[in-house]
Amino acid sequence: MMAFKKSGASTAAKAAPQASKANKPKGRSKPKARMGSDGLPEPVVAYLNHAPVHPVFLYAKGLFRPLQNGTRAQGVTAVGHYTRSGHTIECRWRGDQALDITDQQVFFYLCQQAAQVKNAIRIDAEHHQREAVAAALKIDRFLVSQDALVAVKVTGADIAKGIGLTSTGTNSQAMLASLERLANTTMQRDVVGPEGQSLCAKSTLIGCLDRGDHMSVVLNPEASKAAKELTHVAWVNMTEQQSLKSKPAMRLNGWLSAWASHSSIKTISAPKLMVNIWGNEPATANSKKDRMRTLKAAITEVAALPGWVCQFDANADIVKVRKPIFAGEAGAQSALTRTPAAVAPTKAAVTPT
């Protein structure tokens, strides 16, 4: 195995969404608990089991989506964008195999591990294996000279356990297959500067070295930056992801983790929300009805998570959403009932849907 030398890296605990000295209540008085629609105090998320994910990967329509059997061969065609330092970056993903919700969970797990000091391997511009990493990511020279990349060492069994599956041989092989799909998905960036200057840069979604039972996985520049800096990220609750049963609900929870607010109710039309889950408009009236039925079930699943507000208003055809409070934030009260810190792994092997 290629031996990376670990160096200091930011840890998710330092910038956890629920813990910071700056947002702790001042003085002796405790903040008022946020009350739910039932008139009872809402639970507070008082543990850290989150993945810091760059929002572009969650907002991109069709990058990760629920699949039906036999639709993997449709491939990946997705577009997203973000801004940074006055630059507008449009991202385009292409791949021969479509990425499903299991692939999304694997990507979340990699982002989570890359944010932990004990697991992260910093690959800066002077690192002696920077060229090998660049080759694994198929990264353009422009991106090679930019910020440090982050790598993690994983096994199929590690990933399976990390996303809530048992470490069976079948699940381990499925995780390695997911890494292959992610590594064969191209990510192109078209960058436009504040004065109109432009450039194009490419890489793959991840890079894999030493393929086999053990491998080193390198995150792309955007995911690496999120793992290092832990700012302007979407905090995806991995415990919530593991507790959800359906793939559309997992996708919905991930997307809402980036879009929803902790402090206020936001609304979105059901048709727009369906596109953000499945990546495209339904082709027929029957498929629209099927998706709406599935969407309602997914909303019910997310609504059952502690602290979430997720309601479908049939009269207005909109969904009302608010994220949970995290301990330490204004409005939180750590003495309230806390949500479980772990979910038992499921014995079932991953499915292609």
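Is Asp190 buried, partly exposed or exposed? Select Asp190 and check: its relative accessibility is 23%, so the residue counts as partly exposed. Keep in mind throughout that this is a predicted model.

**Stop 1: Asp190 and Arg92**

Keep Asp190 selected and add Arg92. Their side chains meet in a salt bridge, at 4.0 Å from N to O. This pair joins distant parts of the chain, 98 residues apart. Colour strand E7, residues 186-192, to place Asp190. Then colour strand E4, residues 87-95, to place Arg92.

**Stop 2: Arg92 and Glu90**

Stay on Arg92 and add Glu90. Here is another salt bridge of Arg92, with the closest N and O atoms 2.8 Å apart. Turn on the surface. Arg92 has a relative accessible area of 30%, so it is partly exposed. Glu90 is partly exposed as well, with a relative accessible area of 30%.

**Stop 3: Thr83**

Now go to strand E3, residues 76-84, where Thr83 sits. How accessible is Thr83? Its relative accessibility is 59%, and because the cut-off for exposed is over 50%, Thr83 counts as exposed. Show what surrounds this residue. Beyond its neighbours within four places in sequence, Thr83 is in contact with Thr88 and Ile89. Next, draw a C-alpha to C-alpha distance from Thr83 to Val192. The viewer should give 9.5 Å, for two residues that lie 109 apart in sequence.

**Stop 4: a network of charges**

Select Arg72, Asp100, Asp103 and Arg181 together. What links these four residues? They are joined in a network of salt bridges. Show the side chains as sticks and follow the links from residue to residue.

**Stop 5: Asp313 and Lys320**

Move on to Asp313 and Lys320. These residues form a salt bridge, and their closest N and O atoms are 4.0 Å apart. Bring the surface back for both partners. Asp313 has a relative accessible area of 21%, so it is partly exposed; the cut-off for buried is under 20%. Lys320, at 31% relative accessibility, also counts as partly exposed.

**Last view: the whole structure**

Zoom out and clear the selection. How many salt bridges does a search of the whole structure find? The search returns nine. Among the salt bridges on this tour were Arg92 with Glu90, Asp190 with Arg92 and Asp313 with Lys320.

Terms used:
Residues numbered from 1 in each chain as written. Predicted model: local features only at pLDDT ≥ 70, side-chain atom pairs only at ≥ 80, totals over all residues. Heavy atoms only, no water. Buried < 20%, exposed > 50% of the residue type's maximum accessible area, 1.4 Å probe, protein only. Helix = DSSP H or I, 4+ residues; strand = E, 2+ residues; numbered from the N terminus. Contact = heavy atoms within 4.5 Å.
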